[in-house]
Amino acid sequence: MIVLMDATPEVRIAEHPEALADIAAHEVLEVALAAVAARGRFTVALAGGSTPRATYARLAQPPLATRMPWPHTLVFFGDERGVPSDHADSNYRMAHETLLMRVPIPPDHVFRIPGESADPEAVAADYARTLAEVLGVRRGEVPRLDLVLLGLGVDGHTASLFPGSPVLKETFRTVAAVHAAAASIPQRFTLTYPILNAAACVIYLVAGAEKAKVVKAALGDRMRGVPAAMVQPTDGRVLWMLDRAAASLLPSTIKRTS
Ligand code: 6PG
């Protein structure tokens, strides 16, 4: 077993999924306000899957919805499935329906990954170019997002970085088209480790007893074989926001912040 020795992740544990959504939404607000105060804008990559829904719903309601700096917010996606935006499994659709259509964010501040496209490699290259242009970095430089929200699959995948996938070895491209044979929708698009580890802040949102074993592997044992364990911002924070069920197998040595 190879154990990682990087920066100590912050861990916050909420009693249940609703309380997790509350503290997560407040954390997003804090990061957003700090980013706008420091740089005049807030750049965020949203997570897909089901766990973030409740957090997005909190951000779409007062008081948080009125405190978020929506006019200065730029929204990207950490990954997407190879489906159109109106498909039930579209991460964009989930975020749009639970958050983006409910808040005053300028439509041209939302950058969807066109999962339906017939040319996945072109989609990945275009999205990487969009990230670089909008975040204003020179060619070859890695854009720095203020915040990346991530989930965790029971197999240890995060975004669409699946165990054993060649994309785990990517060291240059910031976006990749991925074929995830084990996934319900194998065609995927994902941000890669270079851009995830260049972020100022990464927040994991994880809930449910079925995730306890992989949370222990990723966060407790920090096993290299678990893709989520490899997200370690070189100059940034990684904050694991868990509910009590998902944290139930974590060793007591894991420092928790209230
Ligand atoms: C996706 C996600 C993926 C997700 C995990 C957890 O597109 O599927 O980005 O990485 O975060 O699969 O999903 P749940 O939150 O639904 O458990």
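Student: Which helix gives the most to the lining of the largest pocket?

Tutor: That's helix H5 (residues 120–135), with 6 residues. A helix here is a DSSP run (H or I) of at least four residues. By the way, this is a predicted model, where local features need pLDDT of at least 70, side-chain atom pairs need 80 or more, and totals for chains, interfaces and linings use all residues. Residues are numbered from 1 along each chain as its sequence is written, and side-chain values use heavy atoms, leaving out hydrogens and water.

Student: What is the volume of the largest pocket?

Tutor: About 450 Å³. Of the 19 residues that line the largest pocket, the closest to its centre are Ala128, Arg139, Gly140, Phe172 and Thr174. The lining divides into 10 nonpolar, 3 polar and 6 charged residues.

Student: What makes Arg139 charged and Gly140 polar?

Tutor: Asp, Glu, Lys and Arg count as charged, so Arg139 does too; Gly is among the polar ones, so Gly140 is polar.

Student: And which pocket does the ligand take up?

Tutor: The second largest pocket, with a volume of about 300 Å³. Its lining has 23 residues, and those closest to its centre include Gly48, Gly49 and His157.

Student: Why does the pair between the ligand and Ser50 count as a polar contact?

Tutor: A polar contact is a pair of N or O atoms within 3.5 Å. A ligand oxygen is 2.6 Å from an N or O atom in the side chain of Ser50, so the pair counts. Thr51 has a side-chain N or O atom at 2.6 Å from a ligand oxygen, and for His157 the value is 2.7 Å, so these pairs count as well.

Definitions and conventions. A polar contact is a pair of N or O atoms within 3.5 Å; within protein, one must be able to donate a hydrogen and the other to accept it, and residues adjacent in sequence count only if both atoms are side-chain atoms. On a 1 Å grid over the protein atoms alone, a cavity is a set of points where a 1.4 Å probe fits but cannot get out, and a pocket is an open set with protein on both sides within 12 Å along at least five of seven lines; lining residues have an atom within 4 Å of a point. A molecule sits in a cavity or pocket if more than half of its atoms lie within 2 Å of its grid points. Grid points are joined across faces, edges and corners, and a volume is the space filled by probe spheres set on the points. Helices (H or I, at least four residues) and strands (E, at least two) are DSSP runs, numbered from the N terminus.
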